[in-house]
Amino acid sequence: MFATGVTIVTARTPAGALIGLTANSFNSVSLHPPLVLWSLSQGATSMSALSTGSHYAINILAADQKELAERFASKRPDRWQGVPFSEGACGAPLLSGAAATFECFNRSRYEEGDHVIFVGEVERCSHRAGAAPLLFHGGKFYTEHPL
Ligand SMILES: Cc1cc2nc3c(=O)[nH]c(=O)nc-3n(C[C@H](O)[C@H](O)[C@H](O)COP(=O)(O)O)c2cc1C
């Protein structure tokens with residue numbers, strides 16, 4: 001019953017392969033220094049690339065990116081086919097149209113239960129002014145509804 005935003009965590013391996021998966025475990029940790037966290041399943045195929053890479057990007061999805069959220073949570077091998085992105089300064093792909101993007105140094109990792117908690121140090125960030133957020137609640141996607 002905990003409503004969240006939705007992100008896609010992206011990276012590029014030293015060999016140039018594109019990595020990306022949908023994650024809603026994202027949260028803020030610290031302002032000084034700027035730190036964020038998210039957690040990754042021990043069983044994720046992207047665990048090796050993400051835990052050993054120096055950087056990743058956290059793309060906060062906009063309401064019109066629901067299909068991307070579903071695609072990057074699926075097992076389809078062609079996740080990246082036709083997905084528009086730019087190269088971040090840190091090497092990770094930045095998804096076009098994201099509501100916000102954090103480029104993070106892979107600062108620390110904490111193994112807990114069946115997940116690994118990643119703490120990232122934000123080196124750069126940007127946002128798309130006025131973008132409506134993609135929300136996730138009870139297994140379904142929503143967007144904002146002002147009270
Ligand atoms: C809304 C949503 C949020 C998700 N959040 C996470 C998450 O925070 N951590 C995680 O490990 N998997 C999460 N998943 C599942 C992964 O996206 C999914 O298992 C994906 O296939 C993993 O990719 P990989 O095995 O290629 O790394 C989420 C799925 C959805 C639909």
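Strands are DSSP runs of E of at least two residues, numbered from the N terminus. The model described here is predicted, with local features requiring pLDDT of at least 70 and side-chain atom pairs counted only at pLDDT 80 or more, whereas totals for chains, interfaces and linings use all residues. Residues are numbered from 1 along each chain as its sequence is written.

The ligand is surrounded by 17 residues, a residue being near the ligand if its C-beta atom, placed from the backbone, lies within 6 Å of it. The closest of these are Ala23, Ser25, Ser41, Ala44 and Ser46. Strand S3 (18-23) and strand S5 (35-41) each supply at least two residues of this shell, and S5 provides the largest share, 4 residues.

Strand S5 also pairs with strand S4 (residues 27-30) in the antiparallel sense over 3 bridges, where pairing requires that DSSP finds at least two bridges between two strands. In this arrangement Ser28 stands opposite Val36 in S5, and S4 and S5 form a hairpin with 4 residues between them.

The largest nonpolar core comprises 28 residues, of which Ile8, Val9, Tyr56, Ala57, Ile58 and Leu61 touch the most other members; such a core is a set of buried Ala, Val, Leu, Ile, Met, Phe, Trp, Tyr and Cys residues joined through C-beta atoms within 7 Å, and a residue is buried if 20 or more other C-beta atoms, placed from the backbone, lie within 10 Å of its own. The elements giving two or more residues to this core include S3, S5 and strand S6 (55-60), with S6 giving the most, 4 residues.

Terms used
Buried ≥ 20, exposed ≤ 12 C-beta atoms within 10 Å, placed from the backbone.
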